[in-house]
Amino acid sequence: MLQTWKAFYARSDPAKAYSLLSPALILVTLAMLVPLGLMLSFSFFTQISFTEIDYSFTIQRYIDFFQKNLLVSLLIKSVKISFIVTFVTLLTAYPVCYYIAFYVKKNKMLWLVLLTLPFWTSYLLRVFSWKIILGTKGVINSSLINAGLLNEPLTFLMYSETAVIITLTHAWAAFALLPLYVSLDKIDFSLIEAARDLGLSRFETFWKITLPLSLPGIIGAILIIFIPTVGDYVTPALLGGTDGRMLSNMIQAYFGKVNNLPLGAASATIMLITVAIVTIVVSYTTKKLTQRIS
Amino acid sequence: MNNSFIQINGISKHFGNVKAVDDVSFEIKEGEFFSLLGPSGCGKTTLLRLLAGFEYPTSGSLLLDGIDITALPPDKRPTNMVFQNYAIFPHINVEKNVQFGLRKLGLTNDEIIKRVKDVLSLVKLEGYEERYSSQLSGGQRQRVALARALVRQPKVLLLDEPLGALDKKLRDEMQLELRTLQKEIGITFVFVTHDQQEAISMSDRVAVMSEGKIQQMSSPNELYKNPQNIFVSDFIGETNFLKANTELKDGEYINVNIENLGSFKIKNNLNISENASEVICSVRPETMMIDTEKSDWDICLEGKIKQTSYLGEMTKFYVETKEIEKIITVSSQYFDNQSFQDGKCFISINLNDISLLNKK
């Protein structure tokens, strides 16, 4: 029996693949699919009282969501903040990666490790450290006041959308660095030399050659930053104040203080769908653009 | 015809402590097929990149058609390059690749279309306009790279080992084609290669480089028949080296005492001084004769065949004699590896075929 099974295993590639995948498959099923399924089903229920839930099927929670201006505007704000964070991160990470990929000759790995060094501390600690930098009596405000440049501390720095954007940008920069670096490093430098040789200036060469060839990395970075920041909860909770609140904070409230599990579940599902749509649109359009880059 | 179309005046290029190109001066004629030949790391590619503008010299100046181009960036030079790996832009098709360099020349649309069409037919790539780099074979990519550079009608075409990645058959074909093409369009070609056979068969003139310096610059015939020093003689083709001392001169000739062989009078083509110790005599394998019988040639040595390699059109013999430890010689159809009993053979050399070389 054992022998036949061994022989089957040796011959069957799918069997090998599934057995290698099985630990991950079990984990994903238990920790992802089951909770997701529960959340989805809860979004079709009704909260009757503080402890009671009516388990009959209804889509009223989704209608509720779009009837509450607050929720819709929070969803829009979440997407907007994420887009800004993604854009600023790309804008700051791209030149760094460009430099490492084309101008650093030795110890490229060391540069990358050094750049990701801040990310060895926990996300939460980094959010708290931004509190120290941006706060009313924080590093920026107190040094500006001590230097005599300001009389009153800048209030827009802390507990605002700005604070959330700055913190999220810093928090996700490292994740943008890697896909960007990989796609830029893959570009054969002789292509850039060839473009220069064929009469293009540095700037034109960047537009015509470097940028299109690094698009896969740009798309990767966009998705890697956009997807998690839309649903980010810690940063807006700690630094957002009322102005910088995002949809995830509201969802947390529905599952906690407000105790309206079905509406929270519906909001989460809507957010999930929004992220999925944005992801599909971004990857589809850019895939069209980059079909020929391999 | 301009004899000093490209003037290279005392060009040096240092990378840190490494002198990649070390005070090199020479001129290239207009319309010439000029090759830079040397082993890897000899500075030939650096010299080509200096001409293209990808590197700037540490010292010295470059003139092209009378204009100083030393400090010009690549996009301002009337040169174009065919890269070793072809550097075809992967995200645009063949037609767009070829058009790429034309957009800055201020041509009308009709002119652009005509030029692209003409150059694609010149390199025999009609019908491939819509293909992408990944859909082309090595030889076709090479043609695209060539078309893309030629379509701009540069004054000088720079080629960086363009045939290195092709298989032997295709390489031989492309060698002939490149040569024909160059004669047809009359553009000056500067061709970098490490393959001596390639350089000799294609070029009008060849510069042999080693350690950043030019060892010899002459026509292929001259290079093979009259190498100036050991490096060139060894690098171009195969040869046998014999240690010797010079004795007294006799007009164009000089008496030479070859180690273990005795005194001979041979032609002093490099004008080597009398009583010089440590000169080297070179004898090409194909000038010698291998036979089963003794001959009446100037030198005839009895030897034993240590090893043979059969190459089809000829056979190469590695022979040991009492006087010389290792001689390489070749024989065409007449003798092959089965002709000699117990490896016993006779090697004959004519004095005319011995050339005298400087040690450096």
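Modeller: Quick ground rule before we start: a helix is a DSSP run of H or I with at least four residues. Also, this is a predicted model.

Biologist: Fine. Which helix holds B:N97?

Modeller: B:N97 sits in helix α2 of chain B, a run that spans residues 94–99, so the run meets the minimum of four.

Biologist: And what makes B:N97 count as buried or exposed?

Modeller: The relative accessibility of B:N97 is 1%. The cut-off for buried is under 20%, so B:N97 counts as buried.

Biologist: What surrounds B:N97, sequence neighbours within four places aside?

Modeller: B:N97 is in contact with B:I88, B:F89, B:I92, B:V144 and B:R148.

Biologist: How do you know that the B:N97 side chain makes a polar contact with the backbone oxygen of B:I92?

Modeller: The distance to that oxygen is 3.0 Å. A polar contact needs N or O atoms within 3.5 Å, so this pair passes on distance.

Biologist: On to the sheet. How do you know which strands are its edges?

Modeller: The sheet is open and has 5 strands of chain B, in the order β13-β12-β11-β14-β20, with antiparallel pairing. Strands β13 (262–267) and β20 (354–357) of chain B each pair on one side only, which makes them the edge strands. From one strand to the next, the twist averages 45°.

Biologist: Why do β14 and β20 of chain B count as paired?

Modeller: Strand β14 (residues 279–283) is joined to β20(B) by 4 bridges, and the two run antiparallel. Pairing asks for at least two bridges, so they qualify. In one of those matches, B:C281 has B:L356 in β20(B) as its bridge partner.

Biologist: Now the interface. How many residues of chain B and chain A are in contact?

Modeller: 23 residues of chain B are in contact with 19 of chain A. About 2000 Å² is buried between the two chains, with carbon and sulfur atoms giving 60% of that. B:D75, B:H91 and B:F100 supply 27% of the area that chain B buries against chain A, more than any other three residues.

Biologist: Why is the link between B:K104 and A:E204 called a salt bridge?

Modeller: Their closest N and O atoms are 2.7 Å apart. The limit is 4 Å between a Lys or Arg side-chain nitrogen and an Asp or Glu carboxyl oxygen, so the pair fits. The rule finds 3 salt bridges across this interface. It also finds 10 residue pairs in polar contact there, both partners at pLDDT 80 or more. Strand β6 (residues 79–82) of chain B gives the largest share of the side of chain B that touches chain A, 3 residues.

Key. Residues numbered from 1 in each chain as written. Chains lettered and ligands numbered in written order. Predicted model: local features only at pLDDT ≥ 70, side-chain atom pairs only at ≥ 80, totals over all residues. Heavy atoms only, no water. Axes fitted to C-alpha atoms, helices over the stretch in contact; angles between N-to-C directions. Buried < 20%, exposed > 50% of the residue type's maximum accessible area, 1.4 Å probe, protein only. Polar contact = N/O pair within 3.5 Å; in protein donor to acceptor, adjacent residues only side chain to side chain. Contact = heavy atoms within 4.5 Å. Buried area = accessible area lost by both parts, 1.4 Å probe.
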